[in-house]
Amino acid sequence: MSRTPHWVPAHFMLDSMITIADQSGRAAGITAAKRQHSRELTDTEKLRRLPWAFLHIATNTIFCQLTVFGSVFILFLTELGLDKAQVGLLLAFFPLAGVIAPLVAPLVARLGYKRVFVTLWGARKLVIAGLLLTPMIAARYGAAGTLRFVTADMIAFALCRAIAETGMYPWMREFIPDRVRGRFAAAEILLTTFFGFLAVSFASYVIGRSRGLDGYMALIAVGVFFGLLATAAIALVPGGAPQRGNGSAWPDLHATRATLHDRDFVRFLVGLGLMTLAVVPLNSFLALFARERLGLPQANVIFLQSAGLAGGLLFSYVWGWTADRVGSKPVMLAGVAAASALPLLWLAAPTGSPWTFGAALLAAFITGACQPAWTIGSSRFLFMDVVPRDSTTHYMAVFYAWAGITGATGAILAGRILQSVSDSFGPAPRHGMDAYSVLFIASAIMALASLIVLRGARSQANPT
């Protein structure tokens, strides 16, 4: 592959992928007649449909950043008067809903991965539109009624998301060719980063010029519009047909238990769990850390996310290219090692200084540059080194459920640690330690433990 700059636009990377696939097809002697006869799409045909996946990624990123997955949502919840423990509980609903994946996976396979994903992916956008009623609910029912309303809305959203993503992972394995999986993940992060940067910058502008809930309501409305566009785009990606030969639509507990006898898979799950406990606290409460510990104004807190996105934009393709060239494991381990140092980097940022915002911007940029290593490396390692192709449905369901359990645990524990330590310490730090110090140091320890576990994971990838 030529030395393409890591900031190259996604469509140039797509052209490069198609060229690789064309050369591979010729080398294998695949004829047009054979391609017509086969029910499976060739790599070239799959890659020619990937622009729809890229469009989905871009528009869905805007939806996420303006609604429930960015710093905007955390600030929205605190504007409603929720404390840190309540924020952590609400955030926990998203991953915790993943525990239903093994139960619904056979039914999702029989109905069709694509059909289930598209249907519920669209439904969750309409559920989020319900948050536009929040000001009316708050005015009529007060803080307690608002909390119940937002909680019910988040539970419905989390369930739609969990069932949809149960179908997403097997479908992704089908429509993304293995030989470019690392570069696809990099392209995904580039698009997520670029459009996330635009969305966060827009959100910072709106919030900085709004009062109360008005700005948040405007952002949610714009986010829902782009979310519906994302659903329409992903519907044009091929594959994901119903799996009629997969037996009963009822949960297959024997097949689910069998995945846990795979020692390499279990090792990966343990490392994943520790890593999740490490990164969830940092990602979930970094906005509050910047506002409360560093003392940054709200608009600057949102702008920090833009600096992180810029770091990802510059380095994501490097990590993806490296994963495809030298294998998933080195990139994955580099991401875990970085995760053990990032919390300490944030704690080193000065408070109450003219340099505070600049130091926070630098820390956010480094965080954004390093985190794609874990995302790309672990995703490629999971698909290519861990999960057998003939058991994708059950393995991915167990993986998704476990990720949900650990993600929920991390969010709940992080919120409770912040709340309880804050209550114990009071407003002033003790011996230079506060609630965020305890949380971030624990995060670094979890990442180090994950590094020890994942170093022993066996890699069977064949670098290209």
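**Cavity, cores and salt bridges**

User: Which helices each supply at least two residues of the lining of the second largest cavity?
Analyst: This is a predicted model: local features need pLDDT of at least 70, side-chain atom pairs count only at pLDDT 80 or more, and totals for chains, interfaces and linings use all residues. Residues are numbered from 1 along each chain as its sequence is written, and side-chain values use heavy atoms, without hydrogens and water. Helices are DSSP runs (H or I, at least four residues), numbered from the N terminus. Two of them each give the lining at least two residues: α13 (263–293) and α15 (328–347).

User: What is the volume of the second largest cavity?
Analyst: The search covered the whole structure and found three cavities of 30 Å³ or more. A cavity is a set of points on a 1 Å grid over the protein atoms alone where a 1.4 Å probe fits but cannot get out. Its volume is the space filled by probe spheres set on the points. For the second largest cavity this comes to about 40 Å³.

User: How do the residues of that lining divide into nonpolar, polar and charged?
Analyst: Lining residues have an atom within 4 Å of a point. Here they are Ala278, Val279, Leu282, Ala339, Leu342, Pro343, Gln371 and Ser443. Ala, Val, Leu and Pro are among the types that count as nonpolar. The division is six nonpolar, two polar and no charged.

User: Which helix gives the most to the largest nonpolar core?
Analyst: A nonpolar core joins buried Ala, Val, Leu, Ile, Met, Phe, Trp, Tyr and Cys residues through side-chain atoms within 4.5 Å. The largest has 125 residues, with Phe73, Leu77, Ile128, Met154, Trp346 and Phe399 making the most contacts inside it. With 15 residues, the top contributor to this core is α13.

User: What is methionine 154 in contact with, leaving aside its neighbours within four places in sequence?
Analyst: Met154 is one of the residues with the most contacts inside the largest core. Contact means heavy atoms within 4.5 Å. Its partners are Val68, Phe73, Leu90, Phe93, Phe94, Ile128 and Leu131.

User: Where along the chain do glutamate 165 and arginine 161 sit, and how far apart are their closest N and O atoms?
Analyst: Both residues belong to helix α9 (residues 134–175), four residues apart, so about one helical turn separates them. Glutamate 165 is buried (under 20% relative accessible area), at 8%, and arginine 161 is buried too, at 17%. The two form a salt bridge (a side-chain nitrogen of Lys or Arg within 4 Å of a carboxyl oxygen of Asp or Glu). Their closest N and O atoms are separated by 3.7 Å.

User: Which residue forms a salt bridge with arginine 380?
Analyst: The structure holds two salt bridges. In this one the closest N and O atoms are 2.9 Å apart. Arginine 380 lies in helix α16 (residues 356–386) and its partner in helix α14 (residues 298–326), so the pair ties together parts 56 residues apart in sequence. Buried like arginine 380, the partner is aspartate 324.

User: Is tryptophan 402 buried or partly exposed, and what is its relative accessible area?
Analyst: Tryptophan 402 is found in helix α17 (residues 392–425). Leaving aside neighbours within four places in sequence, it is in contact with Leu269, Val270, Leu272 and Gly273. Its C-alpha atom is 7.5 Å from that of glycine 273, 129 residues away along the chain. Tryptophan 402 is partly exposed (neither under 20% nor over 50%), with a relative accessible area of 31%.

User: How many of the 464 residues, in percent, count as buried?
Analyst: The protein chain has 18 helices and zero strands. Among its contacts with a separation of 6 or more, 87% join residues 24 or more positions apart. The buried share of the 464 residues is 52%.

Technical notes: 1 Å grid on protein atoms, 1.4 Å probe; cavity = no way out; pocket = protein on both sides within 12 Å on 5 of 7 lines; lining within 4 Å. Buried < 20%, exposed > 50% of the residue type's maximum accessible area, 1.4 Å probe, protein only.
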